[in-house]
Amino acid sequence: MFGLFSNKKNNVCPLDQEMRLWMENSVLWLATQFGQDNILSKKILTPTPQDFPIRYDGSQTSLIKTAEIVAEQMEVSLKKVNLQTYDENIKAFNGGMGHHTFTEIDKNSREKLAAGLYFDKNKNGKYDIFIEQQNLSQPENLVATLAHEFAHIKILGEKRLDFNDEFLTDLTPVLFGLGIFNANASFRFFQSSDGWGHNSIGYLKQKEWGYALALYAYYREEKSPEWVKHLTKNIQSDFRKSEAYIYDNQDKVFMEEYKGGC
């Protein structure tokens with residue numbers, strides 16, 4: 001009868017089986033690529049003045065200073081990057097070149113606008129990266145977009161893969177301690193004169209970010225880490241659900257092979 005009051009819960013995985021296995025195997029693959037010790041010791045950056053002591057006034061200075069911090073965190077040399085801004089209304093970037101991270105303006109909009117663009121090395125031997133200029137006054141979006149574009153350098157530019165995988169690119173900043181920013185930027189509600197809407201950046205969905213961060217914390221042997229407080233409330237909720245599932249299923253997590261397609 002005392003079993004009725006047991007604290008043991010039958011926690012269900014927030015993700016479907018295929019996505020769970022893909023994510024767990026992807027984390028292990030990224031760990032082999034960037035070094036387990038490096039991932040375990042990497043400082044996790046948070047949206048605080050301590051980690052980003054920058055005045056976000058929409059200036060090029062704020063962009064460069066942010067890029068310097070993100071580049072150092074992701075072990076990217078800014079000397080090899082041609083970093084520029086562009087206006088979202090310029091449609092010249094809508095061709096088939098480059099790899100984009102998209103932002104959806106609101107729930108009623110079907111148009112996808114690129115928050116950032118990545119191109120392989122130009123004739124001067126530098127990676128061309130373009131950041132949509134509105135991000136310069138939105139610190140978390142700016143960090144998230146830079147992290148995603150620099151992840152293209154880590155995966156494609158450094159020849160770890162010869163094809164573009166946007167979901168793997170989304171996941172890469174997590175392993176470099178920048179996951180808070182990309183997760184928070186993945187889904188945000190806002191209110192305007194026209195009512196409620198949402199902004200989203202990236203490819204992973206809200207529940208997938210929650211699981212990715214919980215998996216990352218588990219990999220680092222951090223249970224209920226302090227940095228979770230910097231996540232938005234909805235991502236925090238998904239993190240907690242994912243963490244509960246992971247600790248209730250330690251015999252499965254990182255133990256099963258993903259056999260799906262790329």
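In this structure, which is a predicted model, the count of aromatic pairs comes to eleven. One pair joins tyrosine 211 and tyrosine 245, whose ring centres are 6.4 Å apart and whose planes stand at 50 degrees, so the pair is tilted. Because tyrosine 211 lies in helix α7 (residues 206–219) and tyrosine 245 in helix α8 (residues 233–248), this pair ties together parts that are 34 residues apart in sequence.

**Burial of the tilted pair**
- Tyrosine 211 has a relative accessible area of 0%, and is therefore buried.
- Tyrosine 245 also counts as buried, since its relative accessibility is 6%, and the limit for being buried is under 20%.

**Other aromatic rings**
- Ring pairs also link Tyr218, Tyr219, Tyr247 and Phe254, and these residues are thereby joined into a cluster.
- Tyrosine 247, a member of that cluster, has lysine 223 lying over its face, at 4.4 Å from the ring centre.

**Packing of helices α1 and α7**
- Two packed helices are described by the angle between their axes together with the distance between those axes.
- For helix α1 (residues 17–34) and helix α7, the angle is about 45 degrees and the axes are 11 Å apart, and the two helices are therefore oblique to each other.
- The crossing in which α1 passes α7 is right-handed.
- On the α1 side, the contact is made by Met19, Arg20, Met23, Glu24, Val27, Leu28 and Ala31, while α7 contributes Glu208, Tyr211, Ala212, Leu215 and Tyr219.
- Tyr211 thus appears both in this helix contact and in the tilted pair with tyrosine 245, whereas Tyr219 appears in the contact and in the ring cluster.

Methods
Residues numbered from 1 in each chain as written. Predicted model: local features only at pLDDT ≥ 70, side-chain atom pairs only at ≥ 80, totals over all residues. Heavy atoms only, no water. Phe/Tyr/Trp six-rings, centres within 6.5 Å; stacked < 30°, edge-to-face > 60°. Helix = DSSP H or I, 4+ residues; strand = E, 2+ residues; numbered from the N terminus. Buried < 20%, exposed > 50% of the residue type's maximum accessible area, 1.4 Å probe, protein only. Lys NZ or Arg CZ within 6 Å of the ring centre and 35° of its normal. Axes fitted to C-alpha atoms, helices over the stretch in contact; angles between N-to-C directions. Parallel < 35°, antiparallel > 145°, perpendicular 65-115°, else oblique. Left-handed = near helix turned anticlockwise from the far one by under 90°. Contact = heavy atoms within 4.5 Å.
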